[in-house]
Amino acid sequence: MLASAAAAAAVPPASTSYSPVKPSGSRGWRTSRSRRAARVEAGYSQLEVRKVTYRPPGTEHNLLNEINLSLREKSFGLIFGRSGSGKTTLLQLLAGLSEPTSGSICIQKYDDSGNLNGKSEMLTSQRVGIVFQFPERYFLADTVLEEVTFGWPRQKADLLFKEQLALNIQNAFNSVGLKTISLDEDPQSLSGGFKRRLALAIQLVQTPDLLLLDEPLAGLDWKARADVVNLLKDLKKHHTILVVSHDLRELYPQVDRSWRMQMGGSLKEETLPV
Ligand SMILES: Nc1ncnc2c1ncn2[C@@H]1O[C@H](COP(=O)(O)OP(=O)(O)OP(=O)(O)O)[C@@H](O)[C@H]1O
(Lines give C-alpha, C1' and ligand atoms only; values in the text may rest on other atoms or scores of the structure.)
Protein backbone atom coordinates (compact mmCIF):
# COMPACT_ATOMS: atom_id res chain seq x y z
CA MET A 1 0.00 0.00 0.00
CA LEU A 2 1.46 3.37 -0.97
CA ALA A 3 1.62 5.93 1.79
CA SER A 4 0.00 8.71 -0.21
CA ALA A 5 -2.93 6.61 -1.37
CA ALA A 6 -3.32 4.51 1.70
CA ALA A 7 -3.09 6.93 4.57
CA ALA A 8 -6.80 7.65 4.71
CA ALA A 9 -7.77 4.03 4.26
CA ALA A 10 -5.23 2.98 6.81
CA VAL A 11 -6.53 5.12 9.61
CA PRO A 12 -7.27 2.84 12.56
CA PRO A 13 -10.83 1.64 13.01
CA ALA A 14 -13.21 3.59 15.24
CA SER A 15 -12.90 1.12 18.10
CA THR A 16 -9.19 1.76 18.35
CA SER A 17 -9.03 5.34 17.21
CA TYR A 18 -6.09 7.51 18.05
CA SER A 19 -5.45 10.98 19.34
CA PRO A 20 -2.17 12.25 18.01
CA VAL A 21 -3.21 15.80 17.20
CA LYS A 22 -2.49 18.37 19.83
CA PRO A 23 -5.13 20.77 21.07
CA SER A 24 -5.31 23.44 18.40
CA GLY A 25 -4.79 26.24 20.91
CA SER A 26 -1.33 25.03 21.81
CA ARG A 27 -0.02 24.24 18.34
CA GLY A 28 2.68 25.95 16.40
CA TRP A 29 4.97 28.75 17.31
CA ARG A 30 1.81 30.78 17.18
CA THR A 31 0.61 32.51 20.27
CA SER A 32 -2.91 32.03 21.57
CA ARG A 33 -4.32 34.42 19.00
CA SER A 34 -6.48 32.99 16.26
CA ARG A 35 -4.87 31.21 13.34
CA ARG A 36 -6.23 33.83 10.95
CA ALA A 37 -4.71 36.68 12.90
CA ALA A 38 -1.40 34.84 13.07
CA ARG A 39 -1.31 34.47 9.31
CA VAL A 40 -1.49 38.21 8.68
CA GLU A 41 0.84 39.01 11.56
CA ALA A 42 4.40 39.66 10.51
CA GLY A 43 7.40 39.03 12.70
CA TYR A 44 8.87 35.79 13.91
CA SER A 45 9.14 33.49 16.90
CA GLN A 46 12.07 31.91 18.55
CA LEU A 47 12.89 29.24 21.05
CA GLU A 48 14.47 30.79 24.12
CA VAL A 49 16.27 28.83 26.80
CA ARG A 50 16.88 31.17 29.71
CA LYS A 51 19.33 30.42 32.50
CA VAL A 52 18.48 26.74 32.62
CA THR A 53 20.20 24.73 35.30
CA TYR A 54 19.64 21.02 35.82
CA ARG A 55 20.56 18.85 38.76
CA PRO A 56 19.10 15.33 38.64
CA PRO A 57 16.92 14.62 41.67
CA GLY A 58 18.91 13.09 44.53
CA THR A 59 22.29 14.22 43.20
CA GLU A 60 24.60 16.98 44.41
CA HIS A 61 26.05 18.32 41.16
CA ASN A 62 24.53 20.31 38.36
CA LEU A 63 24.73 18.62 34.96
CA LEU A 64 23.76 21.87 33.24
CA ASN A 65 24.62 25.35 34.45
CA GLU A 66 22.77 28.52 33.44
CA ILE A 67 22.24 27.50 29.84
CA ASN A 68 21.13 30.28 27.48
CA LEU A 69 20.21 29.59 23.90
CA SER A 70 17.91 31.14 21.31
CA LEU A 71 16.95 29.70 17.97
CA ARG A 72 14.74 31.44 15.46
CA GLU A 73 11.93 29.50 13.81
CA LYS A 74 12.82 27.58 10.63
CA SER A 75 16.49 27.57 11.39
CA PHE A 76 19.01 24.89 12.20
CA GLY A 77 20.98 24.85 15.42
CA LEU A 78 23.74 22.45 16.32
CA ILE A 79 25.19 21.61 19.73
CA PHE A 80 28.54 19.89 19.83
CA GLY A 81 31.02 19.06 22.55
CA ARG A 82 32.77 16.23 24.32
CA SER A 83 31.08 13.05 25.28
CA GLY A 84 29.44 13.31 28.68
CA SER A 85 29.27 17.11 28.65
CA GLY A 86 25.47 17.17 28.90
CA LYS A 87 24.18 17.59 25.33
CA THR A 88 21.59 14.82 25.49
CA THR A 89 20.53 15.99 28.93
CA LEU A 90 19.71 19.40 27.43
CA LEU A 91 17.67 17.81 24.62
CA GLN A 92 15.71 15.85 27.20
CA LEU A 93 14.86 19.06 29.04
CA LEU A 94 13.77 20.72 25.80
CA ALA A 95 11.57 17.71 24.99
CA GLY A 96 9.93 17.93 28.40
CA LEU A 97 11.27 14.52 29.49
CA SER A 98 12.73 16.10 32.60
CA GLU A 99 12.26 19.48 34.20
CA PRO A 100 14.87 22.18 34.68
CA THR A 101 15.89 22.77 38.28
CA SER A 102 15.74 26.48 37.50
CA GLY A 103 15.35 28.70 34.47
CA SER A 104 12.79 28.56 31.67
CA ILE A 105 12.28 27.20 28.18
CA CYS A 106 9.83 29.18 26.11
CA ILE A 107 8.75 30.57 22.77
CA GLN A 108 8.94 34.32 22.33
CA LYS A 109 7.40 36.28 19.48
CA TYR A 110 9.01 39.37 17.94
CA ASP A 111 7.83 41.92 15.40
CA ASP A 112 9.76 42.66 12.23
CA SER A 113 11.90 45.22 14.04
CA GLY A 114 12.96 42.68 16.65
CA ASN A 115 10.80 44.11 19.42
CA LEU A 116 9.03 41.75 21.82
CA ASN A 117 5.54 40.93 20.63
CA GLY A 118 3.51 39.72 23.59
CA LYS A 119 4.45 37.50 26.48
CA SER A 120 6.56 34.41 26.04
CA GLU A 121 4.85 31.00 26.17
CA MET A 122 6.27 27.97 27.91
CA LEU A 123 7.40 25.31 25.45
CA THR A 124 5.25 22.26 26.14
CA SER A 125 6.27 18.70 25.30
CA GLN A 126 3.40 18.45 22.81
CA ARG A 127 5.13 21.03 20.65
CA VAL A 128 8.38 19.11 20.45
CA GLY A 129 9.43 16.03 18.49
CA ILE A 130 12.58 14.19 19.53
CA VAL A 131 14.47 11.52 17.59
CA PHE A 132 16.92 9.69 19.82
CA GLN A 133 20.21 8.18 18.79
CA PHE A 134 19.71 4.95 16.78
CA PRO A 135 15.91 5.33 16.73
CA GLU A 136 15.48 2.15 14.68
CA ARG A 137 16.54 0.12 17.72
CA TYR A 138 13.28 1.13 19.34
CA PHE A 139 11.00 0.15 16.45
CA LEU A 140 8.48 -2.30 17.88
CA ALA A 141 5.70 -2.78 15.35
CA ASP A 142 5.35 -5.23 12.49
CA THR A 143 4.28 -2.65 9.93
CA VAL A 144 5.21 0.90 9.08
CA LEU A 145 1.66 2.07 9.81
CA GLU A 146 1.60 0.49 13.26
CA GLU A 147 5.00 1.99 13.99
CA VAL A 148 3.78 5.47 13.07
CA THR A 149 0.67 5.22 15.21
CA PHE A 150 2.21 3.20 18.03
CA GLY A 151 1.82 4.73 21.47
CA TRP A 152 -0.81 7.22 20.57
CA PRO A 153 -3.54 7.53 23.17
CA ARG A 154 -6.60 5.56 22.09
CA GLN A 155 -9.96 7.16 22.38
CA LYS A 156 -13.11 7.61 20.38
CA ALA A 157 -12.59 9.89 17.43
CA ASP A 158 -14.88 11.34 14.82
CA LEU A 159 -14.46 11.24 11.07
CA LEU A 160 -12.96 14.71 10.96
CA PHE A 161 -10.30 13.67 13.39
CA LYS A 162 -9.46 10.58 11.37
CA GLU A 163 -9.21 12.63 8.21
CA GLN A 164 -6.80 14.96 9.96
CA LEU A 165 -4.75 12.00 11.09
CA ALA A 166 -4.63 10.57 7.57
CA LEU A 167 -3.55 13.96 6.25
CA ASN A 168 -0.84 14.26 8.90
CA ILE A 169 0.54 10.85 7.97
CA GLN A 170 0.52 11.73 4.30
CA ASN A 171 2.21 15.09 4.87
CA ALA A 172 4.83 13.57 7.15
CA PHE A 173 5.66 10.81 4.69
CA ASN A 174 5.82 13.28 1.82
CA SER A 175 8.14 15.59 3.69
CA VAL A 176 10.63 12.83 4.51
CA GLY A 177 10.47 11.32 1.02
CA LEU A 178 8.72 8.12 2.04
CA LYS A 179 5.61 8.54 -0.05
CA THR A 180 6.35 5.46 -2.16
CA ILE A 181 6.86 2.99 0.67
CA SER A 182 4.22 0.51 1.67
CA LEU A 183 2.53 1.07 5.02
CA ASP A 184 2.34 -2.71 5.35
CA GLU A 185 6.10 -3.10 5.15
CA ASP A 186 8.13 -4.34 8.11
CA PRO A 187 10.09 -1.30 9.46
CA GLN A 188 13.09 -3.55 10.07
CA SER A 189 13.26 -4.39 6.36
CA LEU A 190 13.92 -0.76 5.40
CA SER A 191 17.41 0.48 4.57
CA GLY A 192 19.37 2.39 7.24
CA GLY A 193 18.53 5.77 5.68
CA PHE A 194 14.86 4.90 5.30
CA LYS A 195 14.65 3.81 8.93
CA ARG A 196 15.89 7.27 9.93
CA ARG A 197 13.33 8.82 7.57
CA LEU A 198 10.63 6.77 9.24
CA ALA A 199 11.80 7.87 12.70
CA LEU A 200 11.51 11.48 11.54
CA ALA A 201 8.08 10.88 10.01
CA ILE A 202 6.83 9.41 13.30
CA GLN A 203 7.63 12.73 14.95
CA LEU A 204 6.36 14.89 12.09
CA VAL A 205 2.94 13.22 12.10
CA GLN A 206 2.41 15.00 15.41
CA THR A 207 3.22 18.34 13.72
CA PRO A 208 5.85 19.51 16.22
CA ASP A 209 7.18 23.05 16.14
CA LEU A 210 10.63 22.05 17.29
CA LEU A 211 12.45 18.96 16.08
CA LEU A 212 15.28 17.66 18.26
CA LEU A 213 17.72 15.14 16.81
CA ASP A 214 20.38 13.32 18.80
CA GLU A 215 23.23 12.17 16.54
CA PRO A 216 21.10 11.76 13.41
CA LEU A 217 23.99 10.37 11.31
CA ALA A 218 25.41 7.92 13.84
CA GLY A 219 25.82 4.37 12.62
CA LEU A 220 24.91 5.08 8.98
CA ASP A 221 27.03 4.33 5.91
CA TRP A 222 28.23 7.23 3.74
CA LYS A 223 25.29 7.01 1.35
CA ALA A 224 22.66 7.00 4.07
CA ARG A 225 24.47 9.86 5.84
CA ALA A 226 24.33 11.99 2.68
CA ASP A 227 20.68 11.03 2.31
CA VAL A 228 19.81 12.17 5.84
CA VAL A 229 21.78 15.42 5.44
CA ASN A 230 19.79 16.21 2.27
CA LEU A 231 16.60 15.44 4.09
CA LEU A 232 17.51 17.80 6.94
CA LYS A 233 18.24 20.50 4.38
CA ASP A 234 14.67 20.13 3.07
CA LEU A 235 13.06 19.88 6.51
CA LYS A 236 14.73 23.09 7.59
CA LYS A 237 12.57 25.02 5.12
CA HIS A 238 9.51 24.34 7.27
CA HIS A 239 10.76 23.28 10.70
CA THR A 240 12.95 24.50 13.50
CA ILE A 241 15.65 21.93 14.07
CA LEU A 242 18.12 21.52 16.91
CA VAL A 243 20.70 18.79 16.53
CA VAL A 244 23.29 17.27 18.85
CA SER A 245 26.11 15.78 16.82
CA HIS A 246 29.79 14.99 16.51
CA ASP A 247 29.47 15.05 12.69
CA LEU A 248 30.26 18.71 12.30
CA ARG A 249 31.73 18.68 8.81
CA GLU A 250 28.74 16.99 7.20
CA LEU A 251 26.15 19.14 8.93
CA TYR A 252 28.07 22.40 8.63
CA PRO A 253 26.32 23.66 5.43
CA GLN A 254 22.91 23.51 7.14
CA VAL A 255 23.90 25.14 10.40
CA ASP A 256 22.64 28.65 11.25
CA ARG A 257 23.83 28.75 14.86
CA SER A 258 26.08 26.47 16.85
CA TRP A 259 27.09 26.05 20.47
CA ARG A 260 29.75 24.11 22.29
CA MET A 261 28.68 22.26 25.43
CA GLN A 262 31.59 22.47 27.81
CA MET A 263 32.50 19.91 30.44
CA GLY A 264 30.73 21.11 33.56
CA GLY A 265 27.53 21.77 31.64
CA SER A 266 27.82 25.32 30.35
CA LEU A 267 26.96 26.28 26.79
CA LYS A 268 28.88 28.76 24.67
CA GLU A 269 27.96 29.99 21.20
CA GLU A 270 30.81 29.15 18.86
CA THR A 271 31.27 28.70 15.12
CA LEU A 272 31.96 25.12 14.11
CA PRO A 273 35.63 24.15 14.15
CA VAL A 274 35.63 22.71 10.61
N1 LIG B 1 19.94 11.26 35.92
C2 LIG B 1 21.26 11.36 36.01
N3 LIG B 1 21.89 11.32 37.18
C4 LIG B 1 23.22 11.45 37.27
N5 LIG B 1 24.03 11.63 36.24
C6 LIG B 1 23.46 11.67 35.01
C7 LIG B 1 22.05 11.55 34.83
N8 LIG B 1 21.79 11.65 33.49
C9 LIG B 1 22.98 11.82 32.89
N10 LIG B 1 23.97 11.82 33.78
C11 LIG B 1 25.42 12.04 33.50
O12 LIG B 1 25.49 13.33 32.94
C13 LIG B 1 26.57 13.41 32.03
C14 LIG B 1 26.09 13.99 30.74
O15 LIG B 1 25.38 13.01 29.98
P16 LIG B 1 24.82 13.29 28.52
O17 LIG B 1 24.31 11.99 27.99
O18 LIG B 1 23.87 14.42 28.57
O19 LIG B 1 26.16 13.71 27.76
P20 LIG B 1 26.40 13.90 26.20
O21 LIG B 1 27.17 15.16 26.05
O22 LIG B 1 25.12 13.80 25.47
O23 LIG B 1 27.32 12.65 25.87
P24 LIG B 1 27.47 11.83 24.49
O25 LIG B 1 28.10 12.74 23.49
O26 LIG B 1 28.37 10.69 24.88
O27 LIG B 1 26.09 11.36 24.11
C28 LIG B 1 27.11 12.00 31.90
O29 LIG B 1 28.27 11.91 32.72
C30 LIG B 1 25.98 11.15 32.44
O31 LIG B 1 26.48 9.95 32.99
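Two strands count as paired when DSSP finds at least two bridges between them. Strands β7 and β8 meet that test in this predicted model. Five bridges join β7 (residues 210-214) to β8 (residues 240-244), and the two run parallel. Within this pair, D214 stands opposite V244 of β8.

Step back to the whole chain. It has eight helices and 10 strands. Of its 274 residues, 32% count as buried. Take the contacts with a separation of 6 or more: residues 24 or more positions apart account for 74% of them.

The β7-β8 pair belongs to an open sheet of six strands. The order is β6-β7-β8-β3-β9-β10, and the pairing is mixed. At the edges are β6 (128-131) and β10, each of which pairs on one side only. From one strand to the next, the twist averages 20 degrees. Helix α3 packs on this sheet and touches β3, β6, β7, β8 and β9. The direction of α3 makes about 155 degrees with that of β7.

Now follow the sheet towards β10. Strand β3 (residues 76-81) runs parallel to β9 (residues 257-262), with five bridges joining them. Here G81 stands opposite M261 in β9. On to the next pair: β9 and β10 (residues 266-269) run antiparallel and are joined by four bridges. M261 has a bridge partner in β10 as well, namely L267. Strands β9 and β10 form a hairpin, with three residues between them. In its turn, G264 has a positive phi of about 105 degrees.

M261 leads to the ligand. This residue is part of the shell around the ligand, together with P56, T59, L63, S83, G84, S85, G86, K87, T88 and T89. Which element gives the largest share of that shell? Helix α3 (residues 87-94) does, with three residues. By type, the shell divides into three nonpolar residues, seven polar and one charged. So α3 has two roles in this picture, since K87 falls within both its residue range and the shell. The helix also packs on the six-stranded sheet.

Next, the interior. In soluble globular proteins, nonpolar side chains tend to be buried together. The largest nonpolar core here has 57 residues. L94, A201, L212 and I241 have the most contacts inside it. Helix α6 (residues 192-204) supplies the largest share of this core, seven residues. What does A201 touch, leaving aside residues up to four places away in sequence? Its contacts are V148, A172, F173, V176 and L178.

A second open sheet remains. Four strands form it, in the order β2-β1-β4-β5, and the pairing is antiparallel. β2 (64-72) and β5 (121-122) stand at the edges with a single partner strand each, so one side of each is left without a neighbour in the sheet. The partner of β5 is β4 (residues 102-110), and the two pair in the antiparallel sense over two bridges. In this pairing, I107 has E121 of β5 as its bridge partner.

To retrace the path: the six-stranded sheet carries α3 packed on it, and α3 gives three residues to the ligand shell. M261 also belongs to that shell, and in the sheet M261 has G81 opposite it and L267 as its bridge partner in β10.

Note on methods:
Residues numbered from 1 in each chain as written. Predicted model: local features only at pLDDT ≥ 70, side-chain atom pairs only at ≥ 80, totals over all residues. Buried ≥ 20, exposed ≤ 12 C-beta atoms within 10 Å, placed from the backbone. Contact = placed C-beta atoms within 7 Å. Near = placed C-beta within 6 Å. Nonpolar A, V, L, I, M, F, W, Y, C, P; charged D, E, K, R; others polar. Core = buried A, V, L, I, M, F, W, Y, C linked by C-beta atoms within 7 Å. Axes fitted to C-alpha atoms, helices over the stretch in contact; angles between N-to-C directions.
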